[in-house]
Amino acid sequence: MKKRVILLLSVTALVASCKEGAKQTENPLMQKFETPFQAPPFDKIKLADYKPAFEEGMKQHKAEIEAIVNNPEAPTFENTIVAFDQSGKLLNRTSAIFFNLCEAVTSDDMLALAMEISPAVTAHGDEINMNPKLFARIKTLYDKKESLGLDPLALRTLEKYYDDFVRGGANLNDEDKAKMMKINGELAKLSLQYGNNLLKETNAFTLVIDDAKDLEGLPDNAIASAAAEAKNRGMEGKWVFTVQKPSMLPFLTYAKKRDLREKLYKGYYMRANNDNANDNKAVLAQMVNLRTEKAKLLGFDTYAAYVIDVNMAKTPEAVHAFLERVWTPALKVAKQELAEMQKIANKEGMREKLESWDWWYYAEKLRKQKYDLDESEMMPYLKLENVRDGMFEVANKLYGITLEKRTDIPLYHPEVETYEVKDVDGSSLGILYLDYFTRASKSAGAWMTEFRHYTKENGKEEMPLVSVVYNFSPAVGDAPVLLTWDDTETMFHEFGHALHGFFTRGDYQRIAGTIPHDMVELPSQVMENWASEPEVLKMYAKHYQTGEPMPDALIKKIQESGHFNQGFATVEYVAASLLDMDWYSQTEPQQFDVNAFEKASMDKYGLIKEILPRYRSTYFSHIFDGGYSAGYYVYLWAEVLDADAFQAFKASGDIYNKELAAKFRKYILSEGGYDDPMGQYVKFRGQQPSEEPLLMKRGLK
Ligand SMILES: [Zn+2]
């Protein structure tokens, strides 16, 4: 996952600079950072410093915009586009620090402050996006762009800003502009409501067990967690399971009691669909209609067409065709998986047909039977430090870069490590922060973000400050931290996003590192391919006690089990992607029966009843309150690219092929935002990507 704090059209410019005339103050956020690499002085920043820094940042930014629009000179690329591209530094720097810490080391006070600050910052952004005088200057330049004598990067920057404003509604007449602002306002409210309803419904359901016999089959750690959950809720001596995945999945995978698995899974998949005060059906139907209206105002047939227009896929038709090409073989494999599981169930004396709440339970039995792979066999070889050094080594072999530990960079939490990244010639590429462990103040999941994005201004470069945040289980006592296989892949994945941050180049913020939504996961997902290569495993996966490299037999099991349950995983993912596309392919606002719509959509593609879409409509946060509307497909789209890209290395006979790595770095990681994304990919690969490697990797061909 990649998170980037983008609040304004002018994409983050985070250089430290104190404008002349700005208030002299003790507030460290408003001063030049006198630290190595001008890294944020986390040790000096206090909670009370943020609000004044935001206020001053917005004030400065407003003044900068005023200066651009009131410039008596005719608009030029320099006095309008470059000036806009470089505006808002204090605000952007403050936002990057505040909102990143809100996720990594938050507190009730910080969240309360975020609730207070966010609306003001959003309104500030809207004001700029809809500023008619600013747009008029940009349009004047755009309309004569060919005669301005701009180099290709400057021209692309102008075009991108023009598109951003047009897509934001700047080109509409006053009446439509007002409609658009109203739609945006309503959407913002509905999306909050959708999220709140879902949160309430998620918290409302629990499976309480008071008879230990009902826990049969569950591993000790799952039982211990359920006991702790019960204790937290004042039910000491009982066991509580919730519909949060870390609690639910072990139960669905191991609990012998079929009726309880059913009860828990139903609690999960009926969320916000219970015809009560927290029901999301009417909310999402209204959101679909508003988005359809918005797309039509902007001249698109459907909301999907509006969203995908700026993506690599370009049209909803291309996305549909792609999803259906993967769907057909995946459904076939899923049906085979189901048949194999039914056989196991029958052998155990079950008379009924399997249902959706049985899938995890019998899949686990099938896994043991087929691959004999146990997670605990792998973990001694996946000591955190060994995995980390392994991924550094892979980056060294590919790109020649080295990472040197630094101990003089201020930290926002004592567990964070910092490294200076150095290029082949020894020049600095920036600082990497690694924040490994779960703690109460950290959001779930793993992500890469930046305290400072790469910038180039008047020929002077500022190197990025990249932060990677994980949620690994911390060490207990003196024991080493041993990662799971999933953790190991996550480690490489986020490091891939980080490399993208370090290698990004560009004279203008708008095009530096900005690649379409359906390409963002290419730099990260591609790194996962190296993690599981036998040659790479041999290098880093060493037993934490003996130092012995991972045995070949175990490596073979990992490789073989790579296809395990991929029919199911692909089908549930693609089903959700198709559902997303169907919701946002409406050409007119209308009355929806949400459950009937969803059923008709899934029936159309032939989804089997034993598998539900990965997210059903009433709890599909990605597409209703998460920024992935008509965009849930992007992970799989990027997987075509990463599988195809890695195939190039494999086919060359050298997984560290330096020539290919140099091209990947240049055309994708450094200059990915310079030109049409497919064009950039072809420059790296020499041909368009093929879907074959993805289908092979998932065992669908
Ligand atoms: Zn990612």
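**Exercise 1. Which residues are buried in α16?**

Start with the kind of model: this one is predicted, and the protein chain averages a pLDDT of 92, with 96% of the residues at 70 or above. Now go along the helix. Leu384, Val387 and Arg388 are buried, then Gly390, Met391 and Phe392, and further on Val394, Ala395, Leu398 and Tyr399. A handy reminder for reading that pattern: an α-helix has 3.6 residues a turn, so residues three or four places apart point the same way.

Next, check the length. With 16 residues at 1.5 Å each, α16 should span 22 Å; the end C-alpha atoms sit 23 Å apart, which agrees. Just past the helix, Gly400 has a positive phi of about 75°.

**Exercise 2. Find the strands that α16 lies across, and work out the order of their sheet.**

Step one: α16 (residues 384-399) lies across β3, β4, β5 and β9, and runs at about 155° to β5.

Step two: the sheet is open and has five strands, in the order β3-β4-β5-β9-β6, with mixed pairing. At the edges are β3 (402-406) and β6 (447-452); each has a single partner strand, so one side of each has no neighbour in the sheet. From one strand to the next, the twist averages 30°.

Step three: zoom in on one pair. β4 (residues 417-422) and β5 (residues 428-437) are antiparallel, over six bridges. Within β5, Gly430 is the residue opposite Val421.

**Exercise 3. Describe how β1 pairs, and sort its residues by face.**

Pairing comes first: β1 joins β2 (residues 239-242) in the antiparallel sense over four bridges, and Val208 stands opposite Val240 of β2.

Now the faces. In a regular strand, side chains alternate between the two faces of the sheet. For β1 (residues 206-209), Leu207 and Ile209 make up the covered face, while Thr206 and Val208 are on the uncovered one.

**Exercise 4. Trace the nonpolar cores, using Trp530 as a way in.**

The largest core has 172 residues, and Trp530 is among those touching the most other members, along with Phe241, Leu432, Phe495, Tyr540, Trp583 and Phe624. Helix α13 (residues 316-347) supplies the largest share, 13 residues.

Leaving aside neighbours within four places in sequence, Trp530 contacts Val394, Leu398, Val536, Phe646, Phe649, Ile655 and Tyr656. Two of these, Val394 and Leu398, take you back to the buried residues of α16.

There's also a second, separate core of 33 residues, including Phe33, Leu101, Ala104 and Tyr412.

**Exercise 5. Decide where to read with caution.**

Look at residues 4-24: pLDDT stays under 50 there, though the model has 67 contacts beyond four places in sequence for this stretch. Where pLDDT is low, the predicted coordinates should not be read in detail.

Key: Residues are numbered from 1 along each chain as its sequence is written. This is a predicted model: local features need pLDDT of at least 70, side-chain atom pairs count only at pLDDT 80 or more; totals for chains, interfaces and linings use all residues. Side-chain values use heavy atoms; hydrogens and water are left out. Two strands pair if DSSP finds at least two bridges between them. Helices (H or I, at least four residues) and strands (E, at least two) are DSSP runs, numbered from the N terminus. Axes are lines fitted to C-alpha atoms, for helices over the stretch in contact, and angles run from 0 to 180 degrees between N-to-C directions. Contact means heavy atoms within 4.5 Å. A nonpolar core is a set of buried Ala, Val, Leu, Ile, Met, Phe, Trp, Tyr and Cys residues joined through side-chain atoms within 4.5 Å. Buried means under 20% relative accessible area, exposed over 50%, partly exposed in between (1.4 Å probe, protein chains only). The expected span of a helix is 1.5 Å times one less than its number of residues. pLDDT is the predictor's confidence in each residue, from 0 to 100.
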